[in-house]
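Open the model in your viewer and keep the sequence panel visible. The stops below can be selected one after another.

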Amino acid sequence: MLLDFAVPLARVCGERLAACVQSSELNWRGSRGRCAHVEKLLSVLENRDEVWDLMCQPGQRYKGNRGHQAAAVRIQTCWRRYSARTTYLLQLRPKWAAQIIAMSLLKRAKLGRLKESLQASRLRQLENYRTRAESLAANWKHITSTKRTIIHVPSLGYSQHQRLSHRGFDVLQNTQMGRLCDIRDENVEVIYVSPVCLGEDVLQYYTHLLGLQTAIELGDASAPESNCAKRFTILMPEAMEYFSTRNMCLASLLKYSPRTLKRIKNLIQGKQAYMIGGVTHIDDLAVADELEVPLLGTEPAVAQLYGTKSGGRRIFRSAGVDVPPGKWDIYTLEQLYEGLAQLMTEHMEVQRWLFKIDSEVGGRGTAYCDVSYLKCRPWAQQEFISHGPKQWRTSLPQVK
């Protein structure tokens, strides 16, 4: 071994060497346990550290006996290993590709089945909603004159972009907490689903406030409070803890809150009940179908169609209601420019024009433009006065 590694000097302890030879056979070139044999061999040396440092130098093995042969063997080994590994990877590539294609097809098939199942579920919920709505409309007079339970879910089913862009979306949904006042009717029990966590002090405040009904009706502040706490229940979906930063509408939170749904079912069991939402969302239908109660509200598709600025103007136009001059269903800048120029030309008396984004709510997405600053405004005003309002309405003066 010392000749193979070109070690110039090694001091061997004869006693150690004899003991080592008697204990086991030493063959440092063996493929199995090579490091262990080298350690045993080096343990008989008195200058073990010096020899070990020299043997650990890169390329030292190829300076001793048969060094060129060892280097050639090592080079051939590395090349053969590289060549075999490359060939193996090339053979595996079609297999990997086939696995990826198969997994993609399986995922696509599962996703397709999931979409079909979801569409069938939503269609079934919509059909159940329509059936229950017809029954609710037919029996409305009877329902409003008897004892009933109203489930208030003040959900704002806006689009995801609108919900995520709102700050304090949960507080915005809770602005409809005045629905608790429905218990003024003695035949009404209210289940209010709150989108925010309410403390005990808030619950006591509303209990005391609603208990003043008798005093208000009699006009006597000393009248005892009415026992209304038994006729309203405030629930908070447990999913609020898990989706606190998602700005999900209340109907979606309630849909993923099985404990709250189970409690509502227990509260309305054997009673006449219906559900009132806010801005209807597809999950409102899912919650109403799970509770098996009718939903007092419009279909989600109708709410989305006529809940926009353009949808509102369509309703007013169909009803023959007078509305201010304007344009709607504008989707490009060219339509905006052409529509604004036409409106400004036809209505010279208007000094300021408002711009409103179709899908925004709560006063957001509103801008205005004052036309008095336009350079052509004085000349156009003179032409309007000279032709008169009636003649100006025709296209000929405007074209000139």
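What follows is a tour by residue and helix number, with what to look for at each stop.

This is a predicted model, in which local features need pLDDT of at least 70 and side-chain atom pairs count only at pLDDT 80 or more, while totals for chains, interfaces and linings use all residues. Residues are numbered from 1 along each chain as its sequence is written, and side-chain values use heavy atoms, with hydrogens and water left out. Helices (H or I, at least four residues) and strands (E, at least two) are DSSP runs, numbered from the N terminus.

**Before helix 1**

Select Ala6, in the segment before helix 1 (14-23). Ala6 is not a glycine, yet has a positive phi of about 55°. Its relative accessible area is 32%, which counts as partly exposed (buried is under 20%, exposed over 50%, partly exposed in between, with a 1.4 Å probe and protein chains only).

Add Gly64, in the loop between helix 3 (48-55) and helix 4. Gly64 and Ala6 are 58 residues apart along the chain, and their C-alpha atoms are separated by 4.5 Å. Leaving aside residues up to four places away in sequence, Gly64 touches Leu3, Asp4 and Ala6, where contact means heavy atoms within 4.5 Å.

**Helix 4 against helix 12**

Now select helix 4 (residues 67-138) and helix 12 (residues 282-291), which pack at an angle of about 70° with their axes 9 Å apart. Helix 4 is therefore roughly perpendicular to helix 12. Axes here are lines fitted to C-alpha atoms, for helices over the stretch in contact, and angles run from 0 to 180 degrees between N-to-C directions. Angles under 35 degrees count as roughly parallel, over 145 as roughly antiparallel, 65 to 115 as roughly perpendicular and the rest as oblique.

To see the contact, show Arg122, Gln125, Leu126, Asn128, Tyr129 and Arg132 of helix 4 with Ile282, Leu285, Ala286, Ala288 and Asp289 of helix 12. By class, this contact has six nonpolar, two polar and three charged residues. Ala, Val, Leu, Ile, Met, Phe, Trp, Tyr, Cys and Pro count as nonpolar, Asp, Glu, Lys and Arg as charged, and the others, Gly among them, as polar.

**Helix 11 against helix 12**

Keep helix 12 and add helix 11 (residues 258-268); their axes come within 10 Å and cross at roughly 50°. Helix 11 and helix 12 are therefore oblique to each other. Leu261, Ile264, Lys265 and Ile268 of helix 11 meet Val287, Glu290 and Leu291 of helix 12. This contact has five nonpolar, no polar and two charged residues.

**Two loop residues**

Go to Glu292, in the loop between helix 12 and strand 5 (295-296). Glu292 is exposed, with a relative accessible area of 62%. For a distance check, select Cys20 as well: Glu292 and Cys20 are 87 Å apart, C-alpha to C-alpha, and 272 residues apart in sequence.

Next select Asn247, in the loop between strand 3 (232-235) and helix 10 (250-255). Asn247 has a positive phi of about 55° although it is not a glycine. Asn247 is buried, with a relative accessible area of 18%.

**Helix 16**

Which residues of helix 16 (residues 377-387) are buried? Arg377, Ala380 and Phe384 are. They lie on the same side of helix 16 because they cover an arc of only 65° around the axis, taken from the directions from the helix axis to the C-beta atoms. On the other side, Gln382, Ile385 and Ser386 are exposed. Finish at Gly388, just after helix 16, which takes a positive phi of about 90°.
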